[in-house]
Amino acid sequence: MMMNAFLISVFTVIVLVSKSTCLIAFSSYMSENKAFSQSNSIVDGTPLIFDKKEINSGSDYSVVTGKFTAPISGIYAFTWTICVDSRYPNPSGEKNYGEYGTELMMGSRKIGVLHTDTEKRYDDACSTGFVIKYIPKNNQVYVRNNYAHQGRLLSKERQTRTTFSGWKMQ
C-alpha cells in the first residue's frame with residue numbers, strides 16, 4: 001500500500017512540474033498549394049494562412065484562420081518569413097514579379113511590418129521579421145497582407161518555405 005501511495009505522489013509531482021514548465025510554441029509554414037491559392041485571392045488586410053504545422057504545443061495556432069491565440073499573458077517572440085516567386089507573372093498576366101508587404105497583427109493593432117520584393121526573373125526573395133512583445137491572454141496574433149501585391153508567394157518543400165512561428169519566453 002505504501003508503494004502505491006509513493007508512486008502516486010511521484011506521478012503527481014511529475015505531472016505538476018511538467019505542467020508548470022510547459023512550453024507554448026508553434027511553428028507553421030505554407031504548403032505550395034496554399035501559397036499558390038492565396039497568391040491568386042489575397043486582398044489588402046487578409047490574414048495569411050500557414051496550413052502546415054511543425055509544432056503546435058498547446059494547440060494555440062489555427063491552420064484554418066492563421067491566428068495564434070495567447071493562452072496566458074506574457075512576453076512572446078514571433079518570427080515570419082515571406083518568400084516571393086520571380087518566375088511567374090501575376091494573375092492578370094503582367095510580368096510584375098513578386099512583391100508582398102505584410103504586417104504582424106495583435107488583434108487590430110500592428111506590431112510588426114515586413115516588405116519582400118524581387119525586381120527580375122529568377123531572382124526569388126525572402127524577408128524575415130522578428131518581434132518580441134507582451135501579449136495579453138486571449139489576444140490573437142497573425143500575419144496579414146498590408147497592400148495590393150504582385151506576383152506569387154513562394155513556398156516549396158525542397159526549395160524554401162514561407163513561415164510563421166512564435167513562442168512564449170520564460
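1. N138 is exposed in this predicted model, with a relative accessibility of 53%. The residue lies in the loop that links β7 to β8. Its backbone deserves attention, since N138 has a positive phi of about 70° although it is not a glycine. As a rule, most residues other than glycine have a negative phi.

2. S59 should be read alongside this case. S59 is not a glycine either, yet its phi is positive, at about 55°. This serine sits in the loop between β2 (52-57) and β3. Its relative accessible area is 60%, and because exposed means over 50%, S59 falls in the exposed class.

3. The secondary structure comprises 2 helices and 10 strands. Along the sequence, the elements follow the pattern α-β-α-β-β-β-β-β-β-β-β-β.

4. One open sheet is built from 4 strands, in the order β3-β8-β5-β6, with antiparallel pairing. The edge positions belong to β3 (68-69) and β6 (109-117); each has a single partner strand, so one side of each lacks a neighbour in the sheet.

5. Within this sheet, the pairing of β5 with β6 can be described further. Strand β5 covers residues 99-106 and runs antiparallel to β6, to which 8 bridges join it. As a point of reference for inspection, G101 stands opposite H115 of β6.

6. The largest nonpolar core contains 27 residues, and those with the most contacts inside it are F68, F78, L104, V141 and F164. At least two residues of this core come from each of β4 (74-85), β5, β6, β7 (125-135) and β8 (140-145). Strand β4 provides the largest share, 5 residues. In general terms, nonpolar side chains tend to be buried together in soluble globular proteins.

7. Some totals for the protein complete the description. Of its 170 residues, 40% are buried. The accessible surface is about 9,300 Å², and carbon and sulfur atoms account for 56% of that area.

8. The contact pattern is also worth recording. When contacts between residues at least 6 apart in sequence are considered, 74% of them join residues at least 24 apart.

9. For a colleague viewing the model, two places may be checked together. One is the pair of loop residues with positive phi, S59 and N138. The other is the core, where F68, F78, L104, V141 and F164 have the most contacts.

Key:
Residues numbered from 1 in each chain as written. Predicted model: local features only at pLDDT ≥ 70, side-chain atom pairs only at ≥ 80, totals over all residues. Heavy atoms only, no water. Pairing = 2+ DSSP bridges. Core = buried A, V, L, I, M, F, W, Y, C linked by side-chain atoms within 4.5 Å. Buried < 20%, exposed > 50% of the residue type's maximum accessible area, 1.4 Å probe, protein only. Contact = heavy atoms within 4.5 Å. Areas by Shrake-Rupley, 256 points an atom, 1.4 Å probe, with all protein chains shown as cover.
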